[in-house]
Amino acid sequence: MSPSMSITRALREAGFAGLVAAGLAFPILTLGTEMDQSNRLVLEQRWSWMAIAAALVFVGRFLVLAFARKPARAAPHTGARVLSPALAAALPRAGVIALFLFPMVMLFWLGPQGSLKWINNYGVQILIYVMLGWGLNIVVGLAGLLDLGYVAFYAVGAYTYALLSTHFGLSFWICLPLAGLMAASWGAMLGFPVLRLRGDYLAIVTLAFGEIVSAVLTNWTDFSNGKAGIMSIPRITFFGLPFNANENGFAATFGLEFQAIHRTIFLFYLILALALITHVVTLRLRALPVGRAWEALREDEIACRSLGINTVNTKLTAFALGAMFAGFAGSFFAVRQGFVNPDSFTFMESATILAIVVLGGMGSQLGVALAAVVMVGGTEVLRELTFLKQIFGSSFDPSLYRMLLFGLAMVVMMIWRPRGLISSREPSVFLSQKKNVSGALVQEGHG
Amino acid sequence: MTARALSSPLLTIEHLTMRFGGLTAVNDVSFTVGRGDITALIGPNGAGKTTLFNCITGFYKPAQGRLALAREGLAQAENVDALTKSGRRHNGVIYLLERMPDFEITRDAHVARTFQNIRLFSGMTVLENLVVAQHNILMRASGLSLLGLVGWPSFRAAEKAAIEKASFWLDKIGLMDRADDPAGALPYGAQRRLEIARAMCTDPVLLCLDEPAAGLNPRESAELNDLLLSIRAELGTSILLIEHDMSVVMKISDHVVVLDYGKLIADGTPDDIRNDPRVIAAYLGVEDTDEAAEVLA
């Protein structure tokens, strides 16, 4: 593949992009208001910022146009291959083994204090989003129903555990399936009225549903204790053995020295198990008639109905199952934090999970997992970049640039992999040879 | 009306009317589809053929009329009337299609259809397209997914049978070597054949084809004729088709129904239709027998 454009043409187009950036930056970056000493707002002009933004866009656009290779547009009849088949088969297995070893390796390497951050902030946090991404992948990636209120089911799961454990003293192991059931029935309840809607209309209603759940949790103080949230939710136990320094605690029972990290490691394995269950169930369902019907629904709903497929039931199962996994993840969230309030379940969370599914490549399990690592791990890495304070001054907080990272990831994806990290689709059944379907042929669903 | 349509009716359409606001697309149409017949529905553009199809397959709810399908045996008029009065959708033998939602018409009454603009699952493989069509059988075998989830033997057997049936159809439409390719990557003629095979995988008693020969070259068109005739001969499936290609209509159909401006203007054997002055007028606007005879030849 040759450079896609001559240098002069690239310069011209990049110049145009730079002008557009300058135009956009003028009201946002150039004009700023600042409080002066007598508390008056003064208009400040920062022409250098605009120049920097325009220059960055110019250089970036020029490099892309002049030197980047065109995105590989696979011919429709060849299966687009991202990875070699052997690697594609080995990667998930190696990943699972690495995840199983991860806490132990960290513990031996960094000790109980140093490894806490890695197991908790990176391990558990990323795995929660992997699980949520896989759950939403059923609804958006397989069934092609755009759900912008997925976090509502996460909230239902979290509050189910929080309320049942604090009011009725039910243990986590009883609440976990209940939270899944509860979320699934809410999924079906949302499903019923919105099944007639498609595309943008479905997206708007699911968005509203997410907001309603969050508004109810905020305002129905008698039920959910409002903004203050529910505190002192019982912590996780090792199947009944509490993680504490008492003599009937986990450490004493197994003859270990008590350490706070035990609980974190247990939480890590718990979310790993939950995520893997989500994965295995999704994989198996994909090869069952219901999973094939989801994908057929994404491809063409009218054709589905002409083949005698009850599209109402098919959509409902997708909604309910996706919601169920969010419910499991929600109750895990509650038991991990020990505290829930509506702030954890904002639209931003739904958007993050949806971004993970879209960036990963809709329908691809591996792609979603990779995208979760990039998106969630990326924001955690930003916290680590403390050396940037030496460059930009001590008030510089790199973790505030999270959104910039999101935006950048989206732009990069749009240019190089418009169908997500892994855009090819693996067939659920084959006659003689399994050939992946190029993403160019796969439909994205109409909602 | 042909002999079989009279003696052994499969689908009886009575006073079917469909309105879109002020426009009457199908106006009081009655005719019979004979069991084992290939019935062609012809007429100029905008005559209401596809609308009639959409009424039969449940995609539209007709404003008036009765669509009684007798899956087996004869539909005695008094039985149909009794079912109509009872308010039920079917009695296991007779199905009142106008009361049923689209997917039930395929699932329970076993009426399958194809579309004027091909509607394959383009991102799924050819084999997957044929397996999805067997959804209801497989769904039952998978115990609403629960047995399937644990890999129950009876489900495995059902799945194997489904793949065998798909292979049978792949062989029949000559796409065996492309089974694992995406349906969207097939050439146009093959997509047409695949859509017919996919509809046949639902085990229909009546196969409704909306312009199956559209866009086909003469050779493909002849292959389509052979395919349709063999479907009828080997499986006994009755076929109702909309077609503009008279080489298909006149060669293979037993019974031709002509619509114009939503009204039925002729109903008979291909020979009757060829010489019907009203059909000739509808096709050419004037009664120019020579030219019309060419078109309908």
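**Close-ups of a predicted model**

**Figure 1. Chain A in outline.** Chain A has 16 helices and four strands. With a radius of gyration of 24 Å, close to the 22 Å that the globule rule gives for 447 residues, chain A is as compact as a globular protein of that length. Keep in mind that this is a predicted model. If you box in the C-alpha atoms of chain A along the principal axes, you need roughly 75 × 70 × 45 Å.

**Figure 2. Inside chain A.** How much of chain A counts as buried? Of its 447 residues, 41% do. Now take the contacts in chain A between residues at least 6 apart in sequence: 74% of them join residues at least 24 apart.

**Figure 3. The open sheet of chain B.** Over in chain B, six strands line up as β6-β7-β8-β3-β9-β10, with mixed pairing, to make an open sheet. Which strands stand at the edges? They are β6 (111-113) and β10 (263-268) of chain B, and each has a single partner strand, so one side of each is left without a neighbour in the sheet. Going from one strand to the next, the twist averages 15°.

**Figure 4. A parallel pair in chain B.** Strands of a sheet pair through backbone hydrogen bonds, either parallel or antiparallel. Here, strand β3 (residues 38-42) and strand β8 (residues 238-242) of chain B go for the parallel sense, over four bridges. To find one of the partners, look at B:Leu41: its bridge partner in β8(B) is B:Ile242.

**Figure 5. A helix on the sheet.** Helix α2 (residues 49-56) of chain B packs on the sheet and touches β3, β6, β7 (206-210), β8 and β9 (255-260) of chain B. The direction of helix α2 makes about 150° with that of β7(B).

Notes. Residues numbered from 1 in each chain as written. Chains lettered and ligands numbered in written order. Predicted model: local features only at pLDDT ≥ 70, side-chain atom pairs only at ≥ 80, totals over all residues. Pairing = 2+ DSSP bridges. Helix = DSSP H or I, 4+ residues; strand = E, 2+ residues; numbered from the N terminus. Axes fitted to C-alpha atoms, helices over the stretch in contact; angles between N-to-C directions. Contact = placed C-beta atoms within 7 Å. Rg over C-alpha atoms; globule rule 2.2 N^0.38 Å. Buried ≥ 20, exposed ≤ 12 C-beta atoms within 10 Å, placed from the backbone.
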